[in-house]
Amino acid sequence: MADHYNPRRASRDKKPGADTAPQTGWQKFRSGVIEIVLIIVGALVISAILRAFVGQMFVIPSKSMQNTLQVGDRVVAVKAADFHRGDVVVFEDTEHWLPAAQDRRSAPGKVLEFIGLLPNTSSTYLIKRIIGMPGDTVACCNANGQVTVNGKALDERSYLYSENGQMVEPSAMTFQVTVPKDRMFVMGDHRNASGDSRYHIQDLDPDEYTGAPGFVPLDNVVGPAKAILMPLNRIDGLGTPDTFKDIPDRSASAPDKARICVGDDCSPR
């Protein structure tokens, strides 16, 4: 008996895509390019979001934080993290501690820096260690040559710069300051090579008061530097030294303006 034509069977036996024309070489190339572009754009968007809300990488440009940080180290500042006394923080230089410098990065490099694929090399950012928070009284030096915070002497041997076994003095400058509201007092670990808060507590500021530029606004902080990411032989975490524990909190009594003494000269009197 002859087989009868069965349209269902014919439909089942038909190979998938039999009626679809094969892609040309150009179509395959175009599809591949579109896929690559979408992957790159997605990666850039994710990178930009991470930079804006999570963390940002910075290049260390100077010797002011040696030996904790060396020139050329890449560190990551975590924007979502809280910061405290003793932390190393990256902050924007709105007080103009640094002279203006010309950009050395090309336009494409600036774009990659903006989206976070290259570390930030801008001269408008600084990195120092927080010594005093709002309300803290920071002084140098006590009878043992130590910096004190709210009367507690700091043991800074774990991070102060040393060379050939010789550690730098905590400060060659005698001072006592009370940190005002919403500000912090910072110092570099290489005290002899750091133009930090100490050297700006006598700066004139026509918009505020003499010495105001020495105290960094808390709002300027990008975030605490949590780790050295590069070079590979320098990878390490950055934490808060134990000496900053148990310092009494004086934030409730922070003055509107800093109280500053350099030697025997104090303001306000």
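**Salt bridges, strands and a surface patch: a quick tour**

So, hi everyone. The count of salt bridges in this chain comes to 10. Before I show you some of them, keep in mind that this is a predicted model. And why would side chains pair up like that at all? Side chains of opposite charge can pair when their charged atoms come close.

Let's start with Arg-85, which makes a salt bridge with Asp-136; the closest N and O atoms are 2.5 Å apart. Where do these two sit? Arg-85 is in the loop between strand 2 and strand 3, and Asp-136 is in the loop between strand 4 and strand 5, so the pair ties together parts that are 51 residues apart in sequence. Are they buried or exposed? Arg-85 is buried, and Asp-136 is buried too.

Next up is Arg-191, whose salt bridge partner is Glu-156, with the closest N and O atoms 2.7 Å apart. This pair also links distant parts of the chain: Arg-191 belongs to the loop between strand 11 and strand 12, Glu-156 to the loop between strand 7 and strand 8, and they are 35 residues apart. Once more, Arg-191 is buried and so is Glu-156.

Now one with an exposed partner. Asp-242 and Lys-245 meet through their side chains in a salt bridge, 3.2 Å from N to O. Asp-242 counts as exposed because its relative accessible area is 55%, and the cut-off for exposed is over 50%. There's also a little network: Glu-95, Arg-183 and Glu-208 are joined by salt bridges that share partners.

Okay, let's zoom out for a second. The chain has 3 helices and 16 strands. Of its 269 residues, 39% are buried. Take the contacts with a separation of 6 or more: 71% of them are between residues 24 or more positions apart. The accessible surface comes to about 16100 Å², and 54% of that belongs to carbon and sulfur atoms.

Remember Arg-183 from the network? That residue is part of strand 11, residues 183–187, where 5 of the 5 residues are buried. Here's something to think about: in a regular strand the side chains alternate between the two faces of the sheet. So which residues of strand 11 are on which side? Arg-183, Phe-185 and Met-187 are on one side, Met-184 and Val-186 are on the other, and both faces are covered.

And who are the neighbours of strand 11? Strand 4, residues 125–132, runs antiparallel to strand 11 and is joined to it by 3 bridges. In that pairing, Gly-132 has Phe-185 as its bridge partner. Strand 12, residues 216–217, also pairs with strand 11 in the antiparallel sense, over 2 bridges. There, Met-184 stands opposite Val-216.

Follow the chain on from strand 4 and you get to Pro-134, in the loop between strand 4 and strand 5. Pro-134 counts as buried because its relative accessibility is 13%, and buried means under 20%. What does Pro-134 touch? Its contacts include Arg-183, so we're back at strand 11, and also Val-179, Leu-218 and Arg-250. Another proline to look at is Pro-255: the two are 121 residues apart in sequence, yet 8.2 Å apart in space, C-alpha to C-alpha.

Now for a sheet. This one is open, has 6 strands in the order 7-6-5-10-15-16, and its pairing is antiparallel. Strand 7 and strand 16 are at the edges with a single partner strand each, so one side of each has no neighbour in the sheet. At the strand 16 end, 3 bridges join that strand to strand 15, and the two run antiparallel. Look for Cys-261 there, standing opposite Cys-266.

Towards the other end we have Thr-148, in strand 6. Thr-148 is buried, with a relative accessible area of 13%. Its contacts include Thr-137, Val-138 and Ala-153.

Last stop, the surface. Trp-26, Phe-29, Val-33 and Val-37 form a nonpolar patch there, with about 420 Å² of accessible area together. Phe-29 is found in helix 2, residues 25–53. Is Phe-29 buried or exposed? At 53% relative accessibility, Phe-29 counts as exposed.

That's my tour. Thanks for listening!

Key: Residues numbered from 1 in each chain as written. Predicted model: local features only at pLDDT ≥ 70, side-chain atom pairs only at ≥ 80, totals over all residues. Heavy atoms only, no water. Buried < 20%, exposed > 50% of the residue type's maximum accessible area, 1.4 Å probe, protein only. Helix = DSSP H or I, 4+ residues; strand = E, 2+ residues; numbered from the N terminus. Pairing = 2+ DSSP bridges. Contact = heavy atoms within 4.5 Å. Patch = residues over 30% accessible without salt bridge, like charges linked within 9 Å, V, L, I, M, F, W, Y side chains within 5 Å. Areas by Shrake-Rupley, 256 points an atom, 1.4 Å probe, with all protein chains shown as cover. Salt bridge = Lys/Arg side-chain N within 4 Å of Asp/Glu carboxyl O. Lists of a residue's contacts leave out its neighbours within four places in sequence.
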